[in-house]
Amino acid sequence: MNQHLSIQFEVDMTQIPEVTHFFDEQSNTFSYVVKDPHSKACAIVDSVLDINYPAGRLSYKGADEIIAFVRKNDLKVEWIIETHVHADNLSAAPYIKDKVGGLIGIGEHINIVQDTFGKVFNEGTEFQRDGSQFDRLFSDGDSYQIGSLIGHAMHTPGHTPGSLSVLVDDG
């Protein structure tokens, strides 16, 4: 007897976050703007500043492209999420926060990475290694709002001991 099982899924496309990516050629990385489809609320994920090591100069080009996108679309930045500390670029989160607002969040295990980098770069005791540079330190399973969307933080050590993955859904 040959039985067929038919399953149908209905997807409400109005519930899917709108994701726009930005590719940074110098560091070969992606940054993302995740927008709530029901409001102007958004989150920015893994924004970068580039550094020209030989010249010792910073570039704001990629961050400025994200800022221009946010302003052009009249978006409200609620969160600037860092999935980990990057060794190949610098975070643009403080720069973007200064220009368009938002809270900066990262995984709670950032202190492990800060301690390691503080020693490697001989930062001495002035460099705080407790995550106090961020507005929120996410624990595994924490959630946060992006308009009507809910962001979920998942501790995913690997690239760094403090790496964080993000799942965004409609709750």
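Me: Are α1 and α2 roughly parallel or roughly perpendicular to each other?

Reply: Bear in mind that this is a predicted model. Angles under 35 degrees count as roughly parallel. Here the axes of α1 (residues 61-72) and α2 (residues 93-100) come within 10 Å and cross at roughly 30°, so the two helices are roughly parallel to each other. The crossing of α1 past α2 is right-handed.

Me: Which residues in α1 meet α2?

Reply: On the α1 side you'll find Ala 63, Asp 64, Ile 66, Ile 67, Val 70 and Arg 71. Their counterparts in α2 are Tyr 95, Ile 96, Lys 99 and Val 100. Sorted by class, that contact has seven nonpolar and three charged residues, with no polar ones.

Me: On to strands. How do strands of a sheet pair?

Reply: The general idea is backbone hydrogen bonds, with the strands either parallel or antiparallel. For a parallel case, look at β8 (residues 103-107). β6 (residues 76-81) pairs with β8 in the parallel sense over three bridges, and Ile 81 stands opposite Gly 105 there. β8 is also joined by three bridges to β9 (residues 136-138), again running parallel. In that pairing, Ile 106 has Leu 137 of β9 as its bridge partner.

Me: Is β8 largely enclosed or largely exposed?

Reply: Four of its five residues are buried, so β8 is largely enclosed by the rest of the structure.

Me: And where can I see antiparallel pairing?

Reply: Go to the open sheet of three strands, ordered β10-β11-β12. Its edge strands, β10 (143-146) and β12 (164-169), each pair on one side only. Neighbouring strands in this sheet are turned by 30° against each other on average, direction ignored. β10 and β11 (residues 149-155) are linked by four bridges; one pair to pick out is Gln 145 with Ile 150 in β11.

Me: One last feature: which residue between β3 and β4 should I look at for its backbone?

Reply: Start from the general pattern: most residues other than glycine have a negative phi. Asp 46, in the loop between β3 (41-45) and β4 (48-52), has a positive phi near 55°. Asp 74 also has a positive phi, about 55°, although it is not a glycine. You'll find Asp 74 in the loop between α1 and β6.

Me: Is Asp 46 buried or exposed, and is Asp 74 buried or exposed?

Reply: Buried means under 20% relative accessible area, and exposed means over 50%. At 10% relative accessibility, Asp 46 therefore counts as buried. Asp 74 has a relative accessible area of 55%, so Asp 74 is exposed.

Terms used:
Residues numbered from 1 in each chain as written. Predicted model: local features only at pLDDT ≥ 70, side-chain atom pairs only at ≥ 80, totals over all residues. Heavy atoms only, no water. Pairing = 2+ DSSP bridges. Axes fitted to C-alpha atoms, helices over the stretch in contact; angles between N-to-C directions. Parallel < 35°, antiparallel > 145°, perpendicular 65-115°, else oblique. Left-handed = near helix turned anticlockwise from the far one by under 90°. Contact = heavy atoms within 4.5 Å. Nonpolar A, V, L, I, M, F, W, Y, C, P; charged D, E, K, R; others polar. Buried < 20%, exposed > 50% of the residue type's maximum accessible area, 1.4 Å probe, protein only.
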